[in-house]
Amino acid sequence: MFRGTFAVIDLSALVNNVKKIQSVLPQGTKILVAVKANAYGHGDIAVAKAIEKSGSAHMLGLASLEEALRLREAGVRIPLLVLGYVDPLSFPVASQHQIELTFTGSSEDLLQVSQLSTPLQLHLKVDTGMGRLGLRSVSDVLKVAESIHQRPDLHLQGLFTHLAKADSPEDGHTSAQLRRFEEACSALAARGLLPPLLHAANTAAALQRQDAFYHMVRIGIGAYGYAPNADWPPSLSLQRVMHLYSTITRIAWLKAGDSVSYGATFVAKQDCRVATVCIGYADGYPRSLSNRGFAMVRGRKAPLLGRVCMDQLMLDVTHIPEAELGDPVTLFGHLAPDIWNGGALFKQRPEERERWIGETFSAASNRAEMPLDTLSRLAGTISYEMLTSISNRVPRIEISF
Ligand SMILES: Cc1ncc(COP(=O)(O)O)c(C=O)c1O
């Protein structure tokens with residue numbers, strides 16, 4: 001069965017991006033790749049296994065214990081760190097599966113943690129200016145570190161913070177955050193409690209703030225091929241990992257005065273040729289792109305007409321006379337290879353289709369791109385949200401490395 005909507009996930013681009021970022025870091029700096037939120041929409045298990053197999057990162061970062069357990073159940077053995085809050089009552093499960101946790105609570109909260117049979121590695125988080133999670137004062141950091149130190153079943157493995165503005169030109173905020181982080185580090189060092197892994201940098205800081213590298217950087221969006229801030233791109237050229245495609249399922253001529261989609265918000269000023277495409281907001285394509293977005297058909301821009309529906313959207317292809325039923329539509333990423341035109345995707349034998357898509361995608365010579373950042377801006381959002389919104393209904397076709 002093939003609906004005609006799919007995402008190509010280029011795992012070799014992913015591994016290349018991680019290696020490229022590693023190449024600009026001082027030797028010995030460890031990398032955590034954030035694979036939370038289904039690996040930013042790319043498929044958590046496939047991404048985790050690719051990173052593990054390539055040996056390109058030291059550990060993976062998740063938002064919740066559930067996300068981490070999913071990877072352990074899939075056989076991922078690389079170190080995992082949950083970056084979000086975990087209820088102390090769940091600590092035994094984490095220790096049983098050798099999942100490292102972020103601790104952001106008080107020393108009283110630690111009393112709720114029952115004696116663990118396997119030691120649990122904890123990373124203390126300091127809120128230095130993100131205002132989200134973490135201990136806010138050095139005295140609290142010391143208190144909790146001491147409580148952890150007193151328990152043989154808990155091990156303080158890391159100390160970290162998260163930067164709020166590393167993706168914009170420095171205005172003092174990042175430096176102030178790092179100064180607060182240094183204060184916490186110095187206080188712990190003075191008591192002989194400094195853990196072996198200090199980390200602060202996200203992608204933005206990993207690409208330009210040497211003072212935030214410490215022992216490990218935590219990269220998310222950069223691994224997937226995007227700059228954290230589209231208006232302030234880093235010099236490093238990264239490769240896109242996700243490419244989103246769908247298919248034209250009908251082409252019809254509308255007459256001047258005819259309307260398109262719910263609410264009839266688009267009314268044709270003149271006769272126009274309209275292509276229906278089988279992707280909608282239930283696939284994660286933003287409804288906010290109604291009457292604003294565009295997609296690429298046969299290498300040309302096709303504007304979106306009317307409202308995006310749950311499962312479909314309509315494009316103006318009046319100026320693309322060669323567009324036909326079964327043609328691929330590029331929503332973002334590399335333009336669909338010409339060989340996919342004219343219903344070729346549907347003509348493949350089902351058991352051969354994924355392989356054929358992967359091979360023809362990799363062999364395509366045209367690497368022109370429909371930029372996700374442009375689309376994100378039109379939708380009033382950022383690449384992070386666009387990528388993580390691509391729903392499970394969209395099959396991911398992986399290109400292994
Ligand atoms: C704690 C933490 N570290 C690192 C990252 C990775 O950030 P980025 O995707 O900007 O590299 C995130 C992502 O939100 C995060 O929450």
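Hi everyone, let's start with the fold: this protein has 13 helices and 19 strands. Its radius of gyration is 24 Å, close to the 21 Å that the globule rule gives for 401 residues, so the protein is as compact as a globular protein of that length. Please keep in mind that this is a predicted model. If you like to think in boxes, the C-alpha atoms fill one of roughly 75 × 45 × 40 Å along the principal axes.

Now, on to the ligand. Where does the ligand sit? You'll find it in the largest pocket. Around the ligand we have K36, Y40, R132, H162, N202, T203, R218, I219, G220, I221 and Y384. Sorted by character, that shell has four nonpolar residues, four polar ones and three charged ones. Two elements to look for on your screen are helix 2 (36-40) and strand 9 (216-219), each of which supplies at least two residues of the shell.

Let's turn to the polar contacts. Which ligand atom type does the side chain of K36 meet? An oxygen, which lies 2.9 Å from an N or O atom of that side chain. For Y40, a polar side-chain atom and an oxygen atom of the ligand are 2.6 Å apart. With I221 the partner is in the backbone: a polar atom there is 2.8 Å from a ligand oxygen.

And how much of the ligand is covered? On its own, the ligand has 400 Å² of accessible area, and the protein covers 92% of that.

To recap, then: the ligand is in the largest pocket, and the side chains of K36 and Y40 and the backbone of I221 each place a polar atom by a ligand oxygen. Thanks for listening!

Notes: Residues numbered from 1 in each chain as written. Predicted model: local features only at pLDDT ≥ 70, side-chain atom pairs only at ≥ 80, totals over all residues. Heavy atoms only, no water. Near = heavy atom within 4 Å. Polar contact = N/O pair within 3.5 Å; in protein donor to acceptor, adjacent residues only side chain to side chain. Areas by Shrake-Rupley, 256 points an atom, 1.4 Å probe, with all protein chains shown as cover. 1 Å grid on protein atoms, 1.4 Å probe; cavity = no way out; pocket = protein on both sides within 12 Å on 5 of 7 lines; lining within 4 Å. Sits in = over half its atoms within 2 Å of the grid points. Helix = DSSP H or I, 4+ residues; strand = E, 2+ residues; numbered from the N terminus. Nonpolar A, V, L, I, M, F, W, Y, C, P; charged D, E, K, R; others polar. Rg over C-alpha atoms; globule rule 2.2 N^0.38 Å.
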